[in-house]
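Q: Could you walk me through how the protein meets the nucleic acid here, and then we can turn to the cysteines?
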There are 2 protein chains.
Amino acid sequence: MRPSIKEVATLAGVSIATVSRLLNHPGTVSAETAARIQHSIAQLGFRPNFTGRNLRAGSSRTIGVVLPTLANTVFAQCLQGIELAARVLDYSVMFTTTEYHPADESAAVELLLGHRVDGIILTVADASASPTLDLLERERIPFVLTYNQLPYAQADAAARASVSVDNRVAACDAVNHLMAAGHRRIRMLSGCFNESDRAVQRYLGYLDAMRAAGLEPLPPIQLAMHTTTTAADYQQMLSSPRLRPTALFCSNDMLALNAMRDLRALGLSLPQDMSVMGFDGIPIGALVEPVLASVVQPSEQIGEVALRTLVGLLERRGIGLVAPGDGGRHVLAHDIRSGTSVRPLAGT
Amino acid sequence: MRPSIKEVATLAGVSIATVSRLLNHPGTVSAETAARIQHSIAQLGFRPNFTGRNLRAGSSRTIGVVLPTLANTVFAQCLQGIELAARVLDYSVMFTTTEYHPADESAAVELLLGHRVDGIILTVADASASPTLDLLERERIPFVLTYNQLPYAQADAAARASVSVDNRVAACDAVNHLMAAGHRRIRMLSGCFNESDRAVQRYLGYLDAMRAAGLEPLPPIQLAMHTTTTAADYQQMLSSPRLRPTALFCSNDMLALNAMRDLRALGLSLPQDMSVMGFDGIPIGALVEPVLASVVQPSEQIGEVALRTLVGLLERRGIGLVAPGDGGRHVLAHDIRSGTSVRPLAGT
DNA sequence: ATGAAAGCGCTAACAT
DNA sequence: ATGTTAGCGCTTTCAT
């Protein structure tokens, strides 16, 4: 067993209370005893046990993070942002994944609650109907959603905190970008709607843009996986020349890159035979050729803001205040990255 | 404050010991009381507090993970592998980043030790001279290195556990692959050597291959950042037509993709004017055009094996056995992904 | 300035 | 089958 505060106290010839004081309120201990205690600490290689401290304090200075998967770069960036910000504020991060399975969300949260994390940052499949969020609310544990975009707060309901871009508007902007390049027959390729409310919002944005332009929206192609495709997904779309789109708007960049690979495998030249636009703006998209046109969301910043918001909630609660009415519903600015994956159409 | 085992006991009209028994050794409790306790648990929304349990047990069923950055996909994949495997074995994961700064490694580990994680999985700058690893060893806390490749165990020294590919051999294979395509003037583009012992090993592999082929190795181009470049990095290399390489071997894929972007910006056509090969085999490399030739290391598997190895160490220690002589020095198989980013040279 | 003691939630002897 | 109790490491009154 590692040395505890008790061994240090004994070695220094003081009581454990004095050691604790030196650790937590230096200055309330005389210089002489302080030195003696420091010496004992060094000699024993003592390291305060957070478990004891946490048990006593009822808080762990640890936050939980629940994301769908790290296979999608966008979430890796977000976690990176969270971790960096947490480190600055002296919080630790416990991390879990759901693989996009709503069922895993509750399990993940249950585990984190068992560890008594102070708060949770999470991305759920559907924020507007999530037993997991209800649980969190019932347990009164502060949480901040990332990527999930909440409806504006009802007058009666307490607003939940969230950090995201405006997915619907952003998707609309993307489709407008395609239309500005002369595209009319635009089809959406999307991850499974009931595993991602973002995908739904982005599809709605697609509808908005198409309708505003007086164009007939095409039915979305929904995929089983969020970031992977099979050639079969395109057969139907490509088979009918009349229905064949000139541009594909994908609900995320990984999907867009996969689609591009598949289309090339089917013999198409990009962007000559098909324009592709993504969503997320992952850094790699800007490195490849053709450059992937995309909606850039500031993922690392989303993580950072989420963490700061959460910590804000935690400290505020410490002071005894309730979360303010509008919680922290952060809608960050998105940006359109034009890229050579979108070909301007002749006759525009 | 949340309900504790005490409230449950009171409500059910039993002692806390009985509640604890039901939780940990069901079957030693009569069906009738069990039902009564379950009812109280549900009614109170009781959830066992791991902090109390951990303090008592002296172990947390939590492992710490320290990686350089998630901005490099390869580490995101590794963490993904760790998390998945941890979840299966019912371990939680506390995650930290070092940004490649050796100084941050110790700080990260100190924090994890404070939390009393049962073990640590980490990637350090230089495993052969790491105060952090020495600390871990002194504290007798089980750990497994990922990506860091250890020298074969000395007879006297206790072997450290590690999971990696054979970086030197893999790099040699990569350069041989380039040479098989007819390249002779091959230059290495690398992350900072003293922030990555892998980069050093890979450079050594480069030297091996060049020398074995009777070719004069070129000096490596070392970059300040591991995954980012600036056009200036190439000026010198490209300025002298006589010294201009036909192929670039990059110490990681992110770097390779950055380099390709930069070279294109400088007006080169790829792979016509320059062949590029990477290292890591990140999934995206296979999606882009030209396909990025690379050394594929099984990153997610590296994470999974690391976790299983660590848990093996933990459980074994529980039984009272010491770690075996060869620890777990796992060298996983790598694979060469040929890609169109390498152009076969005429006159081969 | 320092010490004594209670208690955070839990488990495992040790009783009964 | 169940209860009593000590104690994991720590912080914090309350005394002194």
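A: In this predicted model, a polar backbone atom of A:Ile5 lies 2.5 Å from a phosphate oxygen of DNA strand D.

Q: And what does the side chain of B:Thr33 do with a phosphate oxygen of DNA strand D?
A: An N or O atom in the side chain of B:Thr33 is 2.9 Å from a phosphate oxygen of that strand, whereas B:Arg56 uses a polar backbone atom, which is 3.3 Å from a base oxygen of DNA strand D.

Q: Which residues come nearest to DNA strand D?
A: There are 28 residues around DNA strand D, and those that come nearest are A:Ile5, A:Arg56, B:Ser15, B:Thr18 and B:Arg21. Of the atoms of DNA strand D that come within 4 Å of the protein, 56% belong to sugar and phosphate.

Q: Which helix gives the most to that surface?
A: α2(A) does, with 5 residues; at least two residues each are supplied by α1 (5-12), α2 (16-24) and α4 (50-57) of chain A, and likewise by α2 (16-24) and α4 (50-57) of chain B.

Q: How do the residues of this surface divide into nonpolar, polar and charged?
A: The surface near DNA strand D has 10 nonpolar, 12 polar and 6 charged residues.

Q: Switching to the cysteines, how many disulfides are there?
A: Searching the whole structure gives 0 disulfides over all chains.

Q: Why is there no bond for A:Cys78?
A: Because the closest cysteine sulfur, in B:Cys78, is 19 Å from the sulfur of A:Cys78, which is too far for a bond. A:Cys78 also counts as buried, with 0% relative accessibility.

Q: And what about B:Cys192, buried or exposed?
A: B:Cys192 counts as buried at 17% relative accessibility, because the cut-off for buried is under 20%.

Key:
Residues are numbered from 1 along each chain as its sequence is written. Chains are lettered from A and ligands numbered from 1 in the order in which they are written. This is a predicted model: local features need pLDDT of at least 70, side-chain atom pairs count only at pLDDT 80 or more; totals for chains, interfaces and linings use all residues. Side-chain values use heavy atoms; hydrogens and water are left out. A residue is near a molecule or strand if one of its heavy atoms lies within 4 Å of it. A polar contact is a pair of N or O atoms within 3.5 Å; within protein, one must be able to donate a hydrogen and the other to accept it, and residues adjacent in sequence count only if both atoms are side-chain atoms. Helices (H or I, at least four residues) and strands (E, at least two) are DSSP runs, numbered from the N terminus. Ala, Val, Leu, Ile, Met, Phe, Trp, Tyr, Cys and Pro count as nonpolar, Asp, Glu, Lys and Arg as charged, and the others, Gly among them, as polar. A disulfide is a pair of cysteine sulfur atoms within 2.5 Å. Buried means under 20% relative accessible area, exposed over 50%, partly exposed in between (1.4 Å probe, protein chains only).
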